[in-house]
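Here is a friendly tour of one protein chain for someone who likes cut-offs spelled out. Have a look at the sequence and the model first, and then we can go through them together.

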Amino acid sequence: MQTHHWLLLAGGLIILLLGVYALILWRRVWRQQAERLNALNARNDRLGDDIRIIAQSLLDKQVPMIEGAIRLKVLLDNYEGPRNAALDVSILELIYDQTAHIPTHQGWKDLSRAERKLHLRLMDTLERDHREEVEAAARALSNGPG
C-alpha cells in the first residue's frame, strides 16, 4: 500500500474515533438534561404541594392571613410548573409589598413596643381590607397552582 492510502486510513480512523467521542459527550449532555428536568419537576411537585397546604391552612385559620399570603407569594415566585391562566394572585403581591419593610424574627423582637403596635395596626388594616380577596386566592390555590 502506498503512503497516501495509509494517511487516508489513519484520517478516517481519527474521524471515526472523534465521532464516537462526540456521541459519548452528547449522550452525557442528554442524560444531564433529563436529570435536570426530573429535578425541576420534583421541585415543582413539592412546591405545588406546599402551596396547597398553606392555602388550605390559611382558609382553616391555622396560619395568620398576612403570613399565609406572604408564604404563598414566595412559593408561587419559586414555582415554575403549569399555572392556571385565570388565577389572580395580585392580592398576594400587594400584601407582600405592603409588609416587606416589617422586620421578622430577631428584628421584630428588637422593635420597641410602639413600633410593633404600628406594624400590627398596618397588618390588621390589611387583613380587614383584603381578607375576602386573600381567601378567594387561597381557595383557588387550595386545589394547586396548575
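In which helix do Asp49 and Arg52 both lie, and how many residues apart are they? Both are in helix 1, and 3 residues, about one turn of the helix, separate them. Before going on, a word on the ground rules: this is a predicted model, in which local features need pLDDT of at least 70 and side-chain atom pairs count only at pLDDT 80 or more, while totals for chains, interfaces and linings use all residues. Residues are numbered from 1 along each chain as its sequence is written, and side-chain values use heavy atoms, with hydrogens and water left out.

## Overall shape

The chain has 5 helices and 0 strands, so named because helices (H or I, at least four residues) and strands (E, at least two) are DSSP runs, numbered from the N terminus. Read from the N terminus, the order is α-α-α-α-α. The radius of gyration is 28 Å, well over the 15 Å that the globule rule gives for 146 residues, so the chain is more spread out than a compact globule. Here the radius is taken over C-alpha atoms, and the rule is 2.2 Å times the number of residues to the power 0.38.

Along the principal axes, the C-alpha atoms fill a box of roughly 95 × 35 × 20 Å. One pair gives a feel for that: Asp129 and Tyr21 are 108 residues apart along the chain, and their C-alpha atoms are separated by 64 Å. Asp129 is in helix 5.

The accessible surface comes to about 10,400 Å², and carbon and sulfur atoms account for 57% of it. These areas come from the Shrake-Rupley method with a 1.4 Å probe; for residues, only the protein chains shown count as cover. Buried residues make up 27% of the 146 residues, where buried means under 20% relative accessible area, exposed over 50%, and partly exposed in between (1.4 Å probe, protein chains only).

## The nonpolar core

In soluble globular proteins, nonpolar side chains tend to be buried together. The largest nonpolar core in this model holds 25 residues; such a core is a set of buried Ala, Val, Leu, Ile, Met, Phe, Trp, Tyr and Cys residues joined through side-chain atoms within 4.5 Å. The members that touch the most other members are Ile51, Leu72, Leu92, Ile95, Val134 and Leu141. Helix 1 (3-59), helix 2 (65-78), helix 3 (90-99) and helix 5 (113-141) each supply at least two residues of this core.

What does Leu92 touch, leaving aside its neighbours within four places in sequence? Its contacts (heavy atoms within 4.5 Å) are Ala69, Leu72, Lys73, Leu76, Val134 and Leu141. Across the chain, 69% of the contacts between residues at least 6 apart in sequence join residues at least 24 apart.

His119, in helix 5, is buried at 12% relative accessibility. With the same sequence neighbours left aside, His119 is in contact with His101, Ile102, Pro103, Trp108 and Leu111.

## Salt bridges

The structure holds 9 salt bridges, each a side-chain nitrogen of Lys or Arg within 4 Å of a carboxyl oxygen of Asp or Glu. Three of them are shown here.

| Pair | Closest N and O atoms |
|---|---|
| Arg43 and Glu80 | 3.9 Å |
| Asp49 and Arg52 | 2.2 Å |
| Arg131 and Glu135 | 2.9 Å |

The Arg43 and Glu80 pair links distant parts of the chain, 37 residues apart: Arg43 is in helix 1, and Glu80 is in the loop between helix 2 and helix 3. Arg43 is partly exposed at 29% relative accessibility, whereas Glu80 is exposed at 54%.

For the pair in our opening question, Asp49 is partly exposed at 37%, and Arg52 is partly exposed at 30%.

Arg131 and Glu135 both lie in helix 5, 4 residues apart, about one turn of the helix. Arg131 is partly exposed at 22%, while Glu135 is buried at 14%. Salt bridges that share partners join Lys61, Glu127, Arg131 and Glu135 into one network.

## A nonpolar patch outside

Leu13, Leu16, Leu17, Val20 and Ile24 make a nonpolar surface patch of about 470 Å². Patches are made of residues with over 30% relative accessible area and no salt bridge; like charges are joined within 9 Å, and nonpolar side chains (Val, Leu, Ile, Met, Phe, Trp, Tyr) within 5 Å. One of the patch residues, Leu16, lies in helix 1 and is exposed at 53% relative accessibility.
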